[in-house]
Amino acid sequence: APTVPILPHHLLARDTHFNSSLPNITIFATGGTIAGSAASNTATTGYTAGALGVDILIQAVPELWNISNVKGVQVANVDSGSITPEILLNLTSMIQEALDDPYCQGAVVTHGTDTLEESAFFLDLTIKTDKPVVVVGAMRPATAISADGPMNLLEAVTLAGSPEARGRGTMVVLNDRIGSAFYMTKTHSNALDTFKASEQGYLGFFLDTKPLFYYHPVLPIGREYFNVSGATELPEVDILFGHQVLNPKLARSAVESGAKGLVLAGMGAGGWTSAGTNEIEDLVEEYGTQVVVSSRTMGGFVQTDGSGNMYGGQDLNPQKARIMLQLALYAGYSSKQLATLFGFAP
Ligand SMILES: NC(=O)C[C@H](N)C(=O)O
């Protein structure tokens with residue numbers, strides 16, 4: 001199994017900056033564009049994501065010291081397409097440990113935006129705390145004119161240290177908006193206003209870097225806690241994308257190469273082709289594969305209809321349904337428990 005490099009946990013000038021009246025926030029850095037470096041200040045594509053270390057990200061925003069005592073931990077430094085279950089499991093256990101310390105008020109994770117919603121959802125389901133966990137990224141590399149990373153980081157740290165941010169689960173911050181990690185998704189490949197939850201909306205926004213919430217603290221229906229302490233790997237769950245004349249054998253190939261679960265990014269309200277459905281039913285019979293049916297439409301609802309080993313992904317998009325199924329399989333959920341888990345209709 002691949003090993004995850006964990007760079008030394010280091011304090012940044014904490015002695016010189018420490019102010020006992022400010023919250024103590026730990027920033028866990030994983031890479032992405034927020035730590036990206038390009039050859040020119042006009043380049044917003046074709047750069048190296050995860051090039052700069054957490055100390056450089058912190059040094060770039062000295063205002064952080066006015067609102068918090070920050071500590072940086074380099075967990076990884078990769079493009080978010082390279083985040084692995086090993087990194088996620090490590091991240092969960094490091095954040096849990098940090099937040100279990102009564103002197104730590106909140107945690108921030110810097111992350112690439114491409115798979116940020118997957119990691120944020122994973123953290124939301126695997127960390128037990130009332131304290132704020134804030135996942136933040138950027139769309140422009142740190143070297144760009146009007147890089148969005150520094151402001152996003154300042155807002156994320158401010159949020160993590162705010163008492164009114166407690167009890168809201170893991171949150172995502174970008175473009176002056178606060179959203180629930182349970183629902184936020186990347187909706188545009190290039191624009192700054194990419195993270196949205198079109199049906200569920202934002203929790204709040206930032207004014208002069210201060211968080212302003214629309215609602216009192218509330219948690220999403222269907223949010224479940226999975227204890228992954230001590231886990232070193234997670235069961236494989238693959239996503240298949242629905243379209244006209246899809247190749248029904250892709251499902252078999254996924255299962256025979258190790259997938260214990262499948263998520264179907266179905267057409268409309270979870271539709272699949274009839275040849276594809278026959279193949280999936282055979283796999284359920286032969287291998288006991290657990291299948292969650294989601295939708296490629298990026299909105300709406302797929303219900304659980306009670307047919308064995310097949311569950312509706314509710315309003316989770318395929319990439320979030322995949323994380324939920326992976327955690328439930330790790331926890332050894334029975335078919336009945338899975339039907340309850342994927343039956344959280346609001
Ligand atoms: N804006 C970004 O962070 C994209 C980058 N490719 C990443 O996900 O790491």
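Helices and strands here are runs assigned by DSSP, numbered from the N terminus. With that labelling, Q314 falls in the loop that joins β14 to α9. The model is a predicted one, and the paragraphs below go from the whole chain down to single residues.

Taken as a whole, the protein holds 10 helices and 14 strands. Its radius of gyration is 20 Å, close to the 20 Å that the globule rule gives for 346 residues, so the protein is as compact as a globular protein of that length. Along the principal axes, the C-alpha atoms fit in a box of roughly 65 × 45 × 40 Å. Of the 346 residues, 54% are buried. Much of the contact map links distant parts of the chain: among contacts with a separation of 6 or more, 72% are between residues 24 or more positions apart.

The outside can be summed up briefly. The accessible surface comes to about 15200 Å², and carbon and sulfur atoms account for 52% of that. As for charge, the protein has 19 positive and 32 negative charges, and the mean positions of the two sets are 4 Å apart.

Inside, nonpolar residues gather into cores. In soluble globular proteins, nonpolar side chains tend to be buried together. The largest nonpolar core here has 56 residues, and the members touching the most others are F28, I95, M324, L338 and F342. Several elements feed this core with at least two residues each, namely the helices α4 (85-100), α5 (116-126), α9 (318-330) and α10 (335-341), along with the strands β2 (69-78), β3 (106-110), β4 (133-136) and β5 (170-174). The largest share, eight residues, is supplied by α4. Leaving aside residues up to four places away in sequence, L338 touches Q290, Y311, L325, A328, L329 and Y333. There is also a second, separate core of 30 residues, with A29, L52, V157 and I178 among its members.

One of the contributing helices, α5, is mostly covered, with 10 of its 11 residues buried. The buried set is L116, E117, S119, A120, F121, F122, L123, D124, L125 and T126, so named charged residues such as E117 and D124 count as buried under the cut-off of 20% relative accessible area.

Strand β1 is home to T26. This residue has a relative accessible area of 4%, so it is buried. Apart from residues up to four places away in sequence, T26 touches K71, V73, C104, G106, A107 and V108. The C-alpha atoms of T26 and V133 are 9.9 Å apart, although 107 residues separate the two in sequence.

A39 gives a contrasting picture. It sits in the loop between β1 (24-31) and α2 (54-59), and its relative accessibility is 90%, so A39 counts as exposed. From A39 to Q244 the C-alpha distance is 42 Å, with the two residues 205 apart along the chain.

Finally, two residues have unusual backbone angles. Most residues other than glycine have a negative phi. M298, which is not a glycine, has a positive phi of about 65 degrees; M298 lies in the loop between β13 (290-295) and β14 (310-312). With a relative accessibility of 43%, M298 counts as partly exposed. Q314, also not a glycine, has a positive phi near 55 degrees. Back in its loop between β14 and α9, Q314 is buried, at a relative accessible area of 3%.

How values were computed. Residues are numbered from 1 along each chain as its sequence is written. This is a predicted model: local features need pLDDT of at least 70, side-chain atom pairs count only at pLDDT 80 or more; totals for chains, interfaces and linings use all residues. Side-chain values use heavy atoms; hydrogens and water are left out. Helices (H or I, at least four residues) and strands (E, at least two) are DSSP runs, numbered from the N terminus. The radius of gyration is taken over C-alpha atoms; the globule rule is 2.2 Å times the number of residues to the power 0.38. Buried means under 20% relative accessible area, exposed over 50%, partly exposed in between (1.4 Å probe, protein chains only). Contact means heavy atoms within 4.5 Å. Accessible areas come from the Shrake-Rupley method with a 1.4 Å probe; for residues, only the protein chains shown count as cover. Lys and Arg count as positive and Asp and Glu as negative; His and the chain ends are not counted. The place of a charge is taken as NZ of Lys, CZ of Arg, CG of Asp or CD of Glu. A nonpolar core is a set of buried Ala, Val, Leu, Ile, Met, Phe, Trp, Tyr and Cys residues joined through side-chain atoms within 4.5 Å.
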